[in-house]
2 protein chains.
Amino acid sequence: MPTSVPRIAALDTYDIRFPTSRERDGSDAMNPDPDYSAAYLVLRTDAPDGPEGHGFTFTIGRGNDVQVAAIDALRHHVVGRSVAELCADPGALSRDLIGDSQLRWLGPEKGVMHMAIGAVVNAVWDLAAKQERKPLWQLLADAEPEWLADQIDYRYIADALTRDEAVAILRRGRNGRTARELDLLARGYPAYTTSPGWLGYSDEKLSRLAREAVADGFTQIKLKVGADLDDDIRRLRAARAAVGPDIRIAVDANQRWNVDEAVTWTTALAEFDPYWIEEPTSPDDVLGHAAIRARVAPVKVATGEHVQNRIVFKQLLQAGAVDVLQLDAARVGGVNENLAILLLAAKFEVPVCPHAGGVGLCELVQHLSMFDYLAVSRTFENRMIEFVDHLHQHFTDPVVIRDGHYTAPRSPGFSARMAAESIARFTYPDGAFWAADRAGAADGTVSGAREAAA
Amino acid sequence: MPTSVPRIAALDTYDIRFPTSRERDGSDAMNPDPDYSAAYLVLRTDAPDGPEGHGFTFTIGRGNDVQVAAIDALRHHVVGRSVAELCADPGALSRDLIGDSQLRWLGPEKGVMHMAIGAVVNAVWDLAAKQERKPLWQLLADAEPEWLADQIDYRYIADALTRDEAVAILRRGRNGRTARELDLLARGYPAYTTSPGWLGYSDEKLSRLAREAVADGFTQIKLKVGADLDDDIRRLRAARAAVGPDIRIAVDANQRWNVDEAVTWTTALAEFDPYWIEEPTSPDDVLGHAAIRARVAPVKVATGEHVQNRIVFKQLLQAGAVDVLQLDAARVGGVNENLAILLLAAKFEVPVCPHAGGVGLCELVQHLSMFDYLAVSRTFENRMIEFVDHLHQHFTDPVVIRDGHYTAPRSPGFSARMAAESIARFTYPDGAFWAADRAGAADGTVSGAREAAA
């Protein structure tokens, strides 16, 4: 169609997989061998020299193709739309995607289809921030409270958060905003690190990395637990010895337990003063988390990286089931739903410490936490973003960690863009890495594995 | 590999779509134009003349290809396995599928990936029942309590149901079993019908179909509500006038409302004595359902067709959030998870009235309810299976409804097999129907639409 208005010309998808399982990076009690992957998309416009929008879902290997297929199924909602209209109101697209009744049947608002919606919505916010020439955290923090409040879908959460309440929280967030922004730009946002604590690492490697984390300025580390109690006691003792009494050690069971097991196991680790127990049981079990929390205090209960949507977060807050809310930038329906979750957390006065790591999750979620600090929670108290030092080199605007803090990104957008050479090399199954890996396997050499380790 | 043991030789998938939206069959407040579809699979073995296993996920159109991709992603777990071992312990496969850590990331245990697991697991049960030359309801009812109890995954539900409790319920179910089987074979299992109540039907059609339902022996009908309150009052008045005071009328909002809206709307319909309000809000909102139930009594609260897994059903029961539990044969992880759900319902003494309709859901779920009657609940009291009179002709063993009851199927298996000609005709996008539809659209005629109505 002839038009003078720039429109979305294409939504291109890519199945990108990194062979992380070969070093046991990312190994935990439920996920022994993840190949960190991304179902990645690019929104291209017909504007010459105009920016693109980038977004993705993080997966851990098999099934990344299913996630790509789900993003492909959303293409017809996006291609042909006016770039200006999309960027002026990403919530309108979000509502269209969630409201596609045929696709909604595949959730609703959960799992593969909902994560696909999140990837597309996040790509639109990336494009919108680039159009405004602002990093996303700044675009969000500069927005009018009423406009931001209208970006939220209150269906199924109105019993806990109304639009009026959202506007009131956001208006309150304007007080002292300038001072906070100067503080954020000077110090960055506090981080904790999970890099020492993967279950597949030796005690020696764990202790060494824990000491390095403290030397690097981190005040909290996290250890994976839940496979074997004796091992966990030994590993936690080693970690506590390495970091001393003043560094917080969080532990993470990755959904391994029933309610009673969670209580027994956490109690057995209490002598090492764990700060929180993360994902003690199924992310779907609101009442289970509430029961565990009542029985393991003063150890805090944290969850959220697998919580499917705002409706389950609402109930975790209503039931008093969590001390720490761990939203994820790419699990729910994108920025719009995470705005709802941040405001719900503020209403219930529960700190948000986002999940990150994976592929690009640090890059994305820092924007949400920085917005939270500037415009919603207005404090760093008991708030930190997870940091894992993997795969950042594949992004064109990788996170910058300085003295245990995320430095505020200055480039326009959502920091979601992958490097062209990484896409070419790690596209599955035909990118250069995977082709060489297959060839190596076929002729009996280990060239593929060697290249992976390089 | 050379072998004398029959093995699974192939898992073949099919994207099958019926153009039901053209008659507004199946229309409700959230789903105005469903094209009832199935992501269908066939397990073929290398045994000459041996039976096949059939299974499927029901969807409503767009995204059926995503669901097929998810089933394809499970193929490597099934192909090559011994038929005898699979059929002797479907729970082992179920655990392998749910435990695939990379695929689990896409849920866990919810949405597209979990429904795919359900389709494969159900196909194995179909094959197992054919090997035993029994309809599935009979295979389940004949099984040893201990073996059946071992088919259940107690992870995340052990705080509400232990294996010992499951065995005790199933042992109790043996008392009076013979008399109940004779009763079932003579009378069938009670049904109610939703055929009159689709939102897209005129008042005249609604009233006519409601009267026909009563004449056909049904004692309960169901109406869709939730789009417009004045319309709902008018339609419910017409339905009540058509069927008189003694026929139960359930109403179904298909997740349309927030908590307060659900209460207000249900209260406004109370003068017409609705039996239950179904899906008043999000299936994820356990606490919301509990709040609604407390405020709309004596109208009962029902939900379940979109409840993602046993963990959410557990909480609905723990929270006292439902009067009626509506499991679905193809939403959760297959027969094994539905065994858990039936036993949870028995433990909490909540009647199960399954969701059905769609494509083949009546065919599947009758087996679960008949097993429930014979071996778990031991009663028909306040228990009915939904019936919708659509698309049964596409199955080789369609349900038989007689005097408002499902007749117990006698053919071996899970009644899941689609007719070869239906598969050929409605495979999307290249089956005969869809090809003709495209050709009709291309040359401006309505041949496709005419063929659809035929």
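Select Y373(A) and show its surroundings: leaving out residues up to four places away in sequence, Y373(A) touches R180(A), L184(A), Y189(A), R378(A) and F380(A). Keep in mind as you click around that this is a predicted model. The residue sits in helix α17 of chain A, which covers residues 361–376. Is Y373(A) buried or exposed? With 24 other C-beta atoms within 10 Å, Y373(A) is buried, because 20 or more is what it takes. For a sense of scale, add I98(A) to the selection: Y373(A) and I98(A) are 275 residues apart in sequence and 28 Å apart in space, C-alpha to C-alpha.

**Over to a strand**

Next, pick A250(A), in strand β6 of chain A, residues 248–252. A250(A) has 24 C-beta neighbours inside 10 Å and therefore counts as buried. Apart from residues up to four places away in sequence, A250(A) touches Q220(A), K222(A), P274(A), Y275(A), W276(A) and E278(A). Now draw a line to G197(A): the two residues are 53 apart along the chain, and their C-alpha atoms are separated by 9.8 Å.

**Some backbone oddities**

Time to look at the backbone. Most residues other than glycine have a negative phi, and most peptide bonds are trans. Here are some exceptions to click on.

- Go to D273(A), in the loop between α13 and β7 (274–278) of chain A. D273(A) is not a glycine, yet has a positive phi of about 55°. With 13 C-beta neighbours inside 10 Å, D273(A) counts as partly exposed.
- Hop to chain B and select D49(B), in the loop between β2 (37–45) and β3 (53–59). D49(B) has a positive phi too, of about 70°, and is not a glycine. D49(B) has 5 C-beta neighbours inside 10 Å and so counts as exposed.
- Back in chain A, find P298(A) in the loop between α14 and β8 (300–303). The peptide bond leading into P298(A) from A297(A) is cis, with omega near 10°.
- In chain B, zoom in on P429(B), which lies in the loop between α18 (420–426) and α19 (432–443). The bond from Y428(B) to P429(B) is cis, with omega near 5°.

**Where the chains meet**

Zoom out and colour by chain. How many residues of chain A are in contact with chain B? There are 49, and they meet 49 residues of chain B. On the chain A side, α1 (64–72), α5 (101–104), α6, α13 (259–268), α14 (286–296) and α15 (310–318) each supply at least two residues. The largest share comes from α1(A), with five residues. Colour that side of chain A by class and you get 22 nonpolar, 18 polar and nine charged residues.

Now isolate the two α6 helices, residues 111–132 in chain A and residues 111–131 in chain B. Their axes come within 4 Å and cross at roughly 155°. Angles over 145 count as roughly antiparallel, so that is the label for α6(A) and α6(B). To see where they meet, select G111(A), V112(A) and M113(A) on one side and G111(B), V112(B) and M113(B) on the other. The residues of this contact are four nonpolar, two polar and no charged.

Stay with V112(A) for a moment. Setting aside residues up to four places away in sequence, V112(A) touches V66(A), Q67(A) and A70(A) in its own chain, and V66(B), A70(B), L106(B), G111(B), V112(B) and M113(B) across in chain B. V112(A) also turns up in the largest nonpolar core, which has 307 residues. The residues with the most contacts inside that core are V66(A), V112(A), V120(A), V66(B), V112(B) and V120(B), so select those to get your bearings.

**Along α6 and out to the domains**

Follow helix α6 of chain A along to N122(A). N122(A) is buried, with 29 other C-beta atoms within 10 Å. Leaving aside neighbours within four places in sequence, N122(A) is in contact with G55(A), A330(A), G334(A), V335(A), L364(A), F414(A) and A416(A). Add A408(A) as well: N122(A) and A408(A) are 286 residues apart in sequence and 19 Å apart in space, C-alpha to C-alpha.

For the last stop, colour chain A by its domain assignment, which gives domain 1 (177–406) and domain 2 (420–453). The centres of these two domains, taken over C-alpha atoms, are separated by 33 Å.

Terms used: Residues numbered from 1 in each chain as written. Chains lettered and ligands numbered in written order. Predicted model: local features only at pLDDT ≥ 70, side-chain atom pairs only at ≥ 80, totals over all residues. Axes fitted to C-alpha atoms, helices over the stretch in contact; angles between N-to-C directions. Parallel < 35°, antiparallel > 145°, perpendicular 65-115°, else oblique. Contact = placed C-beta atoms within 7 Å. Nonpolar A, V, L, I, M, F, W, Y, C, P; charged D, E, K, R; others polar. Buried ≥ 20, exposed ≤ 12 C-beta atoms within 10 Å, placed from the backbone. Core = buried A, V, L, I, M, F, W, Y, C linked by C-beta atoms within 7 Å. Domains from an automatic or database assignment.
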